Amino acid sequence: MSDPRTTPSIFTRGAVDLSALRAPAASPAKNPAPGSAAPHENHDGPSGTIPGGLPGGAGPETIIDVTEANFQTTVLERSLSTPVILDFWADWCEPCKQLSPILERLAQAGGGSWVLGKVDVDANPRLAQALRVQGIPMVVAVVNGQLVEGFTGVLPESQIKQYVDAVLKAGGISVEPDADPRLDAADDALMGGDLDEAEAAYRKILAEHPADAAAESGLAQVDLYRRISGADAAGAIAKADAAPDDIDAQRLAADVEVLSGEADKAYARLVALVRRTSGDERDAVRKHLLSLFSVAGPDDPAVAGARRALASALF
C-alpha cells in the first residue's frame, strides 16, 4: 500500500461490508503434542507494552492484537457483546507512537467495558485494505458487528476520551461524565463570594466548551448574585407587588424569588409581565427570564413549563 502517513482517511459509516471479512468455520484445533507450548498471540505494540488483563489471566482482557486470521473472533464476534476500537499502526509511523499509548491507557482504565484491537497495517495489508485504511494512525470501532466511524491522526486525550464515550453509548453502555476540576474550582469561588474569580473560571470553560450547561448556569448565577447585591429581599417583593408595571422592580423581585427557592413564582411573575408589555420593554423582560432559566439549567422541569408559558405569552 502507498505511504499513508499524510493521507487523510475517507472512511464513512456503512462504507465497508464487514461480512466480507468473516472467516469460514475453522476445523477443530488439534491438541498440542506432549511437552509442546500452546500457541499464543504477540501483544507488542508501538509503545512496547504488554497489554491484556491482569497477570495470570485475572481481570478482563482490554488490549488485543488483531490479524487477518483472527478478525472474526477477536473483533466481529466480540463486538456483539463488547465494543472493539481498532488502532491501525505501523513501526515506522511516529504519530502512531503518540496515539497508541493514549488508547492503551484508556482501554486499561475502561476495565473491560471496551477492547482495544491493535492492527499492524504492514503485517495485515489485506485487512487494512478491506477497511479502507488510507492514513495512519487511524481509529475506527466495531459495535454489534457494525463499523462506527472514527478519526485519522493524533487527537488530544480529552477528544479521544469523548470518542470512546460515544462508542460505548453506541453499544448501549452507560457512561458517567467525568468531573471537571475547573468547574469545581469555579463553584468554590462562587460559593465563597469571589464573583470575579468565578466569572473568569466559568468563561474560560465556556471558551473551550460553549455548550457546557453547568458553566452556563454558573455564569448566570454570578450575574444573579451581582444583581441582588445589597438588596432588601422583603422590600423588593413588597415594592414589586405595589407596582406591577415597574419593570426594574419586577425583575429584582424575580431574582429574589429564585434565590429564595421560589423559582416558580419568579417565572410566573415575569411571564405575566411579558404579556403586559411590548417592544423593548417586553424584550428586556424576556431576556431576564431566560437568564433565570440558565440559573436552573435546561433539565429543570419548572423551566420546561415556564418556557411553554413564555412561548404562549409571546405568540
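## A walk through the model, starting at V139

Select V139 to begin: this residue sits in strand β4. Keep in mind as you click around that the model is predicted. V139 has a relative accessible area of 0%, so it is buried. Now show what surrounds it. Leaving out residues up to four places away in sequence, V139 touches I85, L86, D87, L99, L103, G150, F151 and Y163. Pick L86 from that set and draw a distance between C-alpha atoms: you should get 5.5 Å to V139, although the two residues are 53 apart along the chain.

**Next stop: two of those neighbours**

F151 and Y163 are both on the contact list of V139, so keep them selected and show their rings. How are the planes of F151 and Y163 arranged? They stand at 90°, with the ring centres 5.4 Å apart, which makes the pair edge-to-face. F151 belongs to strand β5 (residues 146-152) and Y163 to helix α4 (residues 157-170), so the pair links parts of the chain 12 residues apart. Are these two rings buried or exposed? F151 counts as buried, as its relative accessibility is 12%. Y163 is buried too, with a relative accessible area of 13%.

**The other aromatic pair**

The structure holds 2 aromatic pairs, so there is one more to look up. Select Y267 and F293, which also meet edge-to-face: 5.1 Å from centre to centre, with 75° between the planes. Colour by helix here, because Y267 lies in α10 (residues 263-276) and F293 in α11 (residues 279-296), and the pair ties together parts 26 residues apart in sequence. Both Y267 and F293 are buried.

**Back to the loops around β4**

Go to the loop between α3 (125-130) and β4 (138-143), where you will find P137. Check the peptide bond joining I136 to P137: it is cis, with omega about 0°. R132 is in the loop between α3 and β4 as well. What is the phi of R132? It is near 60°, a positive value in a residue other than glycine. R132 is partly exposed, given its relative accessible area of 41%.

Then move to the loop between β4 and β5 and select N144. Its phi is near 55°, again positive in a residue that is not glycine. With 44% relative accessibility, N144 counts as partly exposed.

**Out to the surface**

Switch on a surface view and select M191, Y225 and L259. Together these make a nonpolar surface patch of about 280 Å². Of the three, try Y225 in cartoon view: this tyrosine lies in helix α7 (residues 213-227). Y225 has a relative accessible area of 31%, so it is partly exposed.

**Last stop: colour by confidence**

Finish by colouring on pLDDT. The mean for the protein is 80, and 79% of its residues reach 70 or more. Where does the value drop below 50? Select residues 1-17: pLDDT is below 50 there, and the stretch has 33 contacts in the model beyond near neighbours in sequence. Select residues 24-58 as well, where pLDDT stays under 50. For that second stretch the model has 36 contacts beyond four places in sequence.

Definitions and conventions
Residues are numbered from 1 along each chain as its sequence is written. This is a predicted model: local features need pLDDT of at least 70, side-chain atom pairs count only at pLDDT 80 or more; totals for chains, interfaces and linings use all residues. Side-chain values use heavy atoms; hydrogens and water are left out. Patches are made of residues with over 30% relative accessible area and no salt bridge: like charges are joined within 9 Å, nonpolar side chains (Val, Leu, Ile, Met, Phe, Trp, Tyr) within 5 Å. Accessible areas come from the Shrake-Rupley method with a 1.4 Å probe; for residues, only the protein chains shown count as cover. A salt bridge is a side-chain nitrogen of Lys or Arg within 4 Å of a carboxyl oxygen of Asp or Glu. Helices (H or I, at least four residues) and strands (E, at least two) are DSSP runs, numbered from the N terminus. Buried means under 20% relative accessible area, exposed over 50%, partly exposed in between (1.4 Å probe, protein chains only). Rings of Phe, Tyr and Trp (its six-membered ring) pair if their centres lie within 6.5 Å; planes under 30 degrees apart count as stacked, over 60 as edge-to-face and the rest as tilted. pLDDT is the predictor's confidence in each residue, from 0 to 100. Contact means heavy atoms within 4.5 Å.
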